[in-house]
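Please open the model in your viewer and keep the selection tool at hand. The tour proceeds by selection, one stop after another.

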Amino acid sequence: GALVTVAVNGGSATTTTDVSGNWSAQFALPEGVYSADISAESSGVAASHIAIHFTVDTTPPTVPVLTAVDCAASLVSGMCVLPESRVTLSWTSDGTSYRVAKNGVPLDATTLSEETEQLSDGATTTFAVVAYDAAGNAATSTAIDIVQLSKSVVINEISWAGDTNPAHQWIELKNLSSYAIDLSRVSVSRSGGDPIQLSGTLPGYVAGRREHIAVVEPVAVTGTDRGGGPVLIILFPALSTSGEKLSLIWNTVPIDSTPEVGTCNGWCAGSLSIQIGSNVSGINNTYSTRSMERADNAPDGLLASSWHSTDGYGEWLGNSSALPWGTPGTDNSQGWPDAGVACDSSGPIEPNHTLHSTSGCVILTQFITGGNFGAGRYVATYRGDVGNSTGAGSFEGVRLASGGSVDLTGAHAGDHYFFAAFENRIWANDAPAFQAFFTDGSQPAPHGNYLVVPFTYAP
């Protein structure tokens with residue numbers, strides 16, 4: 001019941017205390033520094049006075065200006081795409097404390113003006129910063145979006161083999177993302193030479209197209225197909241034929257690499273000169289260099305298993321030319337063996353395995369060539385075992401890498417089959433002898449340049 005009088009800024013208010021001695025009085029005040037004179041009296045007791053001092057502050061701090069320094073080197077123009085998993089955020093404001101909001105969730109308060117945060121691979125992370133003053137007023141920055149892509153561009157193929165002729169060497173890059181990558185942000189470091197600074201833009205991946213594959217070569221090679229993707233003519237010293245480690249570098253951060261030289265004691269795939277076709281006479285054996293290709297869906301380029309040599313089953317660059325075998329600017333080969341059988345998309349099958357498909361297989365016969373010297377090729381599928389089977393061969397020409405279609409119509413579970421391919425010396429007419437060798441064993445194989453892959457059919 002005490003009478004309380006409050007005087008502030010030339011105005012006053014009177015009120016009484018409740019049974020606990022509490023009271024309140026409200027004033028509408030502009031921003032500023034004030035003193036309040038407060039007096040109280042009760043039951044004839046003389047008034048007592050106290051003074052309090054306070055500040056009215058309703059103005060928030062300046063709106064923070066939020067930046068991510070690394071975004072200045074974004075892999076994509078017009079947005080922030082980074083290949084590393086952490087980003088450093090910094091801001092300017094006159095606040096006394098701050099909170100970073102990550103995807104709308106406020107993090108711990110700090111008095112600093114910089115913070116490092118984790119990013120999620122393949123995701124977009126949204127950041128903002130809230131500044132507070134001593135009175136608790138707040139101001140929020142404009143949000144920024146950051147995309148993290150640990151694997152955007154990768155090294156996809158290297159032609160290192162042969163001599164140091166610039167026309168025989170290239171480095172192929174592949175964009176795995178849907179974004180157009182600014183290659184000026186990326187360089188190729190070499191364990192055996194100076195880095196190669198890239199340039200231009202590599203379009204994003206689109207199914208069925210090849211613009212996302214770029215070829216970096218030291219000299220333009222006339223009359224060659226680069227698949228429709230960008231061709232970057234950047235002079236660089238010849239790659240070492242004894243092996244190098246190549247890395248794609250962004251801001252000193254490696255975003256993709258080939259294996260260390262010691263992993264395979266040199267390059268892990270490709271070849272200086274390897275026999276890719278032969279005939280019994282040996283007169284027209286075919287040799288070529290091969291490129292080093294990345295296997296499909298191989299995320300870690302540092303592993304030897306991520307690489308294979310161009311298999312040559314297709315009209316690749318080196319076919320009928322002095323250039324290396326390879327697939328610059330187009331999809332890589334499958335890394336299939338020189339001889340064997342491949343079915344559908346499952347790749348090569350091993351001898352004595354079970355086969356479940358009745359079609360979609362081809363007999364791989366890269367090991368036969370030499371039509372100009374009287375050598376042809378036959379492929380066939382036989383039911384049974386060698387020397388006790390039924391079937392017949394079909395002539396498949398003399399191309400270096402030929403595939404004969406396979407048809408197992410009418411096959412039953414548990415049936416034994418074998419695929420066969422053989423060189424037919426036209427002047428010797430080896431086909432009848434091989435037919436007898438495969439079916440009833442009445443004649444020996446006339447020579448050793450043939451292939452047999454047995455298997456069991458199981459639907």
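The stops that follow concern a sheet, the disulfides and one histidine in a model that is predicted.

**First stop: the sheet**

Begin by selecting the strands β21, β20, β15, β14, β26 and β27, which in that order form an open sheet of 6 strands. The pairing within this sheet is mixed. As a general point, strands of a sheet pair through backbone hydrogen bonds, and they do so either parallel or antiparallel.

Which strands lie at the edges? Select residues 231–233 for β21 and residues 307–309 for β27; these are the edge strands, each of which pairs on one side only. Turn the view and follow the sheet across its strands: the twist averages 25° from one strand to the next.

Now restrict the selection to β26 (residues 292–294) and β27. These two strands run antiparallel, and 3 bridges join them. To examine one position, select Arg 294 and ask which residue is its bridge partner in β27. The partner is Trp 307.

**Second stop: the disulfides**

How many disulfides does the model contain? The count comes to 2.

For one of them, select Cys 71 and Cys 80, whose sulfur atoms are 2.0 Å apart. This link is left-handed, with -80° about the S-S bond. Colour the two cysteines separately to compare their surroundings. Cys 71 has a relative accessible area of 22% and is therefore partly exposed. Cys 80, by contrast, is buried, because its relative accessible area of 8% falls under the 20% limit for a buried residue.

Next, select Cys 264 and Cys 268, which are also joined by a disulfide, with an S to S distance of 1.9 Å. Is this link left-handed or right-handed? The torsion about its S-S bond is about 95°, so the disulfide is right-handed. Cys 264 is partly exposed, with a relative accessible area of 26%.

**Third stop: a histidine in a loop**

Finally, select His 212, which is found in the loop between β19 (201–202) and β20 (213–217). Strand β20 has appeared already, as a member of the open sheet. Is His 212 buried or exposed? With a relative accessible area of 2%, His 212 is buried.

Show what surrounds this residue. Beyond its neighbours within four places in sequence, His 212 is in contact with several residues, including Leu 173, Lys 174, Asn 175, Leu 202 and Tyr 205. Add Leu 176 to the selection as well: 36 residues separate it from His 212 in sequence, while their C-alpha atoms are 7.8 Å apart in space.

Terms used: Residues numbered from 1 in each chain as written. Predicted model: local features only at pLDDT ≥ 70, side-chain atom pairs only at ≥ 80, totals over all residues. Heavy atoms only, no water. Pairing = 2+ DSSP bridges. Helix = DSSP H or I, 4+ residues; strand = E, 2+ residues; numbered from the N terminus. Axes fitted to C-alpha atoms, helices over the stretch in contact; angles between N-to-C directions. Disulfide = S-S within 2.5 Å. Buried < 20%, exposed > 50% of the residue type's maximum accessible area, 1.4 Å probe, protein only. Contact = heavy atoms within 4.5 Å.
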